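The following exercises concern one protein chain. Please work through each task before reading its solution.

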Amino acid sequence: MNEKNHKLSLSPKRRLELRKTVDAGQVRQSFSHGRSKVVAVEVRKKRSIQGHFSTGGDVHATEDVLFTISSGNGDLTAQEKASRMRALKEAAQQKAEAEARRRAEEEARLKEEEENRRRAAEEEEKKRKADQQAMEQNVPGNMAVAPPREKSRSEGGRKQGEEKRTGGEKSSTELSRSRVMLEEDEEEGERKKGQRSPQTKQPAAKREARRRSAKLTVTSALDDEDRSQRGRSIAALRRAQEKERRKHILQQKSNEKVVRDVVIPEAITVQELANRMAERGANVIKVLMRVGVMATINQSIDADTAELVVSEFGHLSKRVADADIEEGVLGPEDMADQLMPRAPVVTVMGHVDHGKTSLLDALRQTDVVSGEAGGITQHIGAYQVALPTGQHITFIDTPGHEAFTAMRARGAKVTDIVVLVVAADDGVMPQTIEAIRHARAAGVPVVVAINKLDRPEANPERVRTDLLQHGVVLESHGGDVLSVEVSAKNRLNLDRLEEAVLLQAEILDLKANPERSAIGTIIEARVEKGRGSVATVLVQRGTLKTGDVFVGGKEWGRVRAMLDDRGRRVEQAGPAVPVEVLGFQAAPDAGDDFIVVEDEMRAREIASYRQRKQRETQHVQSGRSTLQEMFTRIRTGDSKELSVVIKCDVQGTVEALLSTLGKLCTSSAKVRVLHSSVGGINESDVTLAKASQALIVGFNVRANPQAREMARRDDVEIRYYSVIYNVADDIRAVLSGMLEPTYREKFLGYAEIRQVFTISRIGKVAGCMVTEGLIRRGARVRLLRDNVVVHEGNLLQLKRFKEDTREVRAGFDCGVCFENFHDIRDHDIVECYEMEKVVSAL
């Protein structure tokens with residue numbers, strides 16, 4: 001080939017062409033177990049363009065294009081050649097500088113990450129040492145030794161930091177070694193990944209093998225070093241570094257110890273202590289064993305041991321006494337400028353059936369009496385009356401029966417004024433006197449309402465005179481007690497009664513602070529189906545709102561809803577407003593205090609403390625009664641006991657029934673109340689009654705179908721009542737039937753023995769004349785000889801004229817034969833009697 005053919009030219013006479021640079025072929029790979037694989041192979045040739053430009057024959061190569069500058073005359077001048085060579089060198093230098101900068105930036109970033117990890121490890125070590133020093137200062141004596149797990153944790157952290165640093169160095173070396181080699185593969189992989197269609201997910205082992213495999217070329221097939229493995233891509237290395245960084249951050253957060261303030265009472269269970277520290281119960285038990293205390297998760301430990309355990313875990317302890325739990329629960333005292341006028345709270349008291357509820361109905365223009373069983377009030381109710389002048393009066397209706405003494409005392413405790421209702425036809429009665437005593441004990445003024453003026457036999461003057469005997473001096477008799485003659489039936493003088501109440505309230509100057517947390521008293525409590533535990537609460541201070549957390553006696557809860565006395569839903573209730581509160585965890589006791597607290601934790605602490613105190617009190621009382629029973633049985637023998645399960649509709653009725661049944665107990669028979677609560681009769685009540693052979697008393701409640709079926713199957717008696725008189729009468733009758741009956745001797749008659757006969761196979765038979773009363777066969781007899789009892793036994797036979805007879809009356813003769821006794825003589829006297837059973841009465 002001549003020189004002209006090798007000349008590089010851009011003239012249109014000849015075309016610039018490139019030869020084919022790729023030769024395709026196939027290579028078969030053989031594997032174990034007879035497996036083989038055919039791989040496509042492409043052989044790439046380097047392009048070379050030669051030209052004869054000048055003498056010398058220097059060769060310069062840049063990437064895949066080879067330029068040869070040889071001697072000869074060419075079309076390019078020397079200046080053009082130098083410019084092209086200079087441009088090629090500058091391009092190669094710029095690319096090398098860019099690559100160097102990129103490598104320097106990558107290495108700087110890796111060094112910065114390594115420095116951050118080192119600083120974090122140093123800060124963690126400093127914090128651990130500071131916590132250890134603080135623990136050594138807090139723990140007394142020889143207990144200032146950190147747990148072994150802290151040491152192992154710190155050592156593990158240091159080892160982990162060293163491993164991270166080593167891994168970072170290895171990653172940096174590997175990155176710098178394989179970066180240039182894998183750039184093209186990464187770009188090609190990303191391109192193919194974007195074009196790949198979604199397929200079925202492959203197994204993990206196959207995906208890993210495919211990821212590790214590379215495209216087989218002639219170069220890689222002939223290179224033994226690169227054929228066995230393939231390096232990680234830059235994206236994979238970055239993902240691994242990011243994953244390691246996130247793992248390190250999470251570990252740092254988990255290693256940070258949260259120091260808590262733990263409140264320690266005088267006694268606390270291990271479980272409760274673990275909950276307050278947010279630690280596992282097993283770890284707390286381990287610490288207790290290390291300090292020499294063996295306790296289970298439910299056992300109680302003293303405050304000193306609990307404080308030691310808290311310090312072992314690195315928390316701060318705060319010692320409180322049991323009485324300190326309720327400290328400050330009532331809040332600060334109200335200032336004088338914070339007080340606002342409020343409505344008066346009036347309690348209606350009096351004897352049973354004197355018209356208290358009817359008078360209140362007339363004021364409220366409702367009819368509550370028709371809904372009361374037996375026409376008597378057995379619940380305590382609270383109502384608010386709005387007057388035409390815009391003022392309000394809160395009335396509390398109390399029962400008048402003698403069994404509801406506790407209710408009347410509770411009503412007098414929360415009231416401002418007592419309206420004493422006295423019937424003009426009955427006068428002063430026992431419960432009227434008791435109401436006067438309750439009002440005096442509470443220190444509240446009294447307004448006397450002389451009711452039933454519509455009766456023909458009404459005598460108001462006799463009522464005033466009777467009240468003088470009990471220290472109640474009315475204004476008409478020169479005293480300071482207001483009195484109004486009213487008629488609830490005819491609605492007579494009701495406005496005068498309201499005026500008298502408002503006048504008395506104005507004298508008292510009643511005020512309260514509505515801008516504070518609510519404090520009140522639970523008037524009544526019950527359990528309703530679908531609503532749970534419901535309590536009638538009288539707010540005395542502050543404003544009660546929906547959502548407030550409260551403590552009611554030994555129960556706590558959150559106000560879910562509030563209803564007024566007419567069943568309308570309200571969102572808040574101010575001072576002297578009665579409302580029904582829904583949201584109790586369980587039914588509280590009537591008369592308990594109602595206090596709004598700041599959060600649920602405080603409410604649970606106070607409720608738990610009160611429940612614990614109540615259990616301790618009941619335990620002491622049960623132990624005392626057991627000793628008394630033991631000594632009583634030693635003296636008089638076993639006493640009879642009637643077990644009772646009481647279920648009522650409201651808590652106040654439970655109190656009244658307990659008081660009534662307690663008065664029926666005697667030394668020989670008593671009532672034992674196994675369980676008393678509000679709500680319907682359920683299966684657990686029947687199970688308890690069956691186990692104790694008890695009687696179930698349901699007052700204004702009924703058993704559910706499951707409980708009725710269980711009671712029918714297990715033969716458990718359930719009695720329903722709606723009037724408290726009937727409960728007392730039936731329980732008294734049951735107790736009387738449980739007592740052992742007494743036997744009384746009943747005299748029948750005398751007979752005189754006139755002659756003694758001896759009969760074979762029978763023995764001696766006495767021929768007698770009945771002188772008094774009668775002689776009855778089967779009765780008991782005594783044989784008197786000279787007025788001395790010589791025999792006492794049974795009468796075996798009684799005959800008259802050789803015929804058996806049932807009895808022989810006075811003036812007739814008969815023949816008698818004694819059982820197992822034959823020493824009878826003439827003129828002996830036979831006394832006949834029988835034993836009569838007499839039922840014991842309470």
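**Exercise 1.** Is I762 buried, partly exposed or exposed?

*Solution.* The model is predicted: local features need pLDDT of at least 70 and side-chain atom pairs pLDDT 80 or more, whereas totals for chains, interfaces and linings use all residues. Residues are numbered from 1 along each chain as its sequence is written, and side-chain values use heavy atoms, without hydrogens and water.

Step 1. Buried means under 20% relative accessible area, exposed over 50%, and partly exposed in between (1.4 Å probe, protein chains only).
Step 2. The relative accessible area of I762 is 36%, so I762 is partly exposed.
Step 3. I762 is located in the loop between β31 (742-759) and β32 (763-776); strands (E, at least two residues) and helices (H or I, at least four) are DSSP runs, numbered from the N terminus.
Step 4. Together with F757 and I759, I762 forms a nonpolar surface patch of about 240 Å² accessible area.

**Exercise 2.** Describe the open sheet that contains β27 and the helix that lies across it.

*Solution.* Step 1. The strand order is β28-β27-β29-β30, with parallel pairing; two strands pair if DSSP finds at least two bridges between them.
Step 2. β28 (669-678) and β30 (718-721) are the edge strands, each pairing on one side only.
Step 3. Strand β27 (residues 640-648) is joined to β28 by nine bridges; L642 has V671 in β28 as its bridge partner.
Step 4. Helix α16 (residues 651-663) lies across β27, β28 and β29 (695-699), at about 175° to β28. Axes are lines fitted to C-alpha atoms, for helices over the stretch in contact, and angles run from 0 to 180 degrees between N-to-C directions. Contact means heavy atoms within 4.5 Å.

**Exercise 3.** Describe the six-stranded sheet and its helices.

*Solution.* Step 1. This open sheet has the order β12-β13-β11-β14-β15-β16 and mixed pairing.
Step 2. Its edges are β12 (381-386) and β16 (482-485), each pairing on one side only.
Step 3. Six bridges link the parallel strands β14 (residues 417-423) and β15 (residues 446-451), with V422 partnered by I450 in β15.
Step 4. Helix α10 (residues 356-364) packs on the sheet, touching β11 (345-350), β12, β13 (392-397), β14 and β15, and makes about 155° with β13.
Step 5. Helix α13 (residues 460-468) lies across β14, β15 and β16, at about 145° to β15.

**Exercise 4.** How many helices and strands does the chain have?

*Solution.* The chain has 19 helices and 38 strands. Of its 842 residues, 37% count as buried.

Conventions
Patch = residues over 30% accessible without salt bridge, like charges linked within 9 Å, V, L, I, M, F, W, Y side chains within 5 Å. Areas by Shrake-Rupley, 256 points an atom, 1.4 Å probe, with all protein chains shown as cover. Salt bridge = Lys/Arg side-chain N within 4 Å of Asp/Glu carboxyl O.
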